[in-house]
Amino acid sequence: QVQLVESGGGLVQAGGSLRLSCAASGNIFSINAMGWYRQAPGKQRELVAVVTSGSNTTNYVDSVKGRFTISRDNAENTVYLQMNSLKPEDTAVYYCNVVAGRMPTWSYWGQGTQVTVSS
């Protein structure tokens, strides 16, 4: 079965950095895109960053532009989120997401990793 295992979350002071990793395993083929979502207390889950597998196009939510960088490895089975200049507003549970397949496509989710940024 497909499994996405996340790591790298934790507690960090404002202005610090964290690097999230998401390793995919199992029968996952033809990855279309890999991304990171986050959900803060009392708020809906939002897309933070995404990278497409074909064009390597990246997109970020406005609030993290210039601070976060999404990347993937050559095998396209691991996605990273480098988070710099962290702010308390970045505190949330971060979820890895992978979209794969062709007609139909499938969406896979990681278990979530907590990121807490203190003032």
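Select N97 to begin: at 6% relative accessibility, this residue counts as buried, because the cut-off for burial is under 20%. Keep in mind as you look around that this is a predicted model. N97 sits in strand β9, which covers residues 92-100.

Now show the side chain of N97 and follow it to Y108, where it reaches the backbone oxygen at 3.1 Å. Then display the surroundings of N97. Setting aside neighbours within four places in sequence, its contacts are A33, M34, G35, Y37, S107, Y108 and W109.

Next, stay in β9 and pick C96, then add C22. A disulfide joins C22 to C96, with an S to S distance of 2.1 Å. Turn the view to look at the S-S bond: the angle about it is -80°, and the link of C22 and C96 is left-handed. C22 lies in strand β3 and C96 in strand β9, so the pair ties together parts that are 74 residues apart in sequence. Is C22 buried or exposed? C22 is buried, with a relative accessible area of 0%, and C96 is buried with a value of 0% too.

From C22, move along to strand β8, residues 78-83. Five of the six residues of β8 are buried, so this strand is largely enclosed by the rest of the structure. Which strands should you colour alongside it? Strand β3 (residues 18-25) pairs with β8 in the antiparallel sense over six bridges; zoom in on S21 to find its bridge partner in β8, Y80. Strand β7 (residues 68-72) also pairs with β8 in the antiparallel sense, over five bridges. For a last stop, select T69, which stands opposite Q82 in β8.

Conventions
Residues numbered from 1 in each chain as written. Predicted model: local features only at pLDDT ≥ 70, side-chain atom pairs only at ≥ 80, totals over all residues. Heavy atoms only, no water. Helix = DSSP H or I, 4+ residues; strand = E, 2+ residues; numbered from the N terminus. Buried < 20%, exposed > 50% of the residue type's maximum accessible area, 1.4 Å probe, protein only. Polar contact = N/O pair within 3.5 Å; in protein donor to acceptor, adjacent residues only side chain to side chain. Contact = heavy atoms within 4.5 Å. Pairing = 2+ DSSP bridges. Disulfide = S-S within 2.5 Å.
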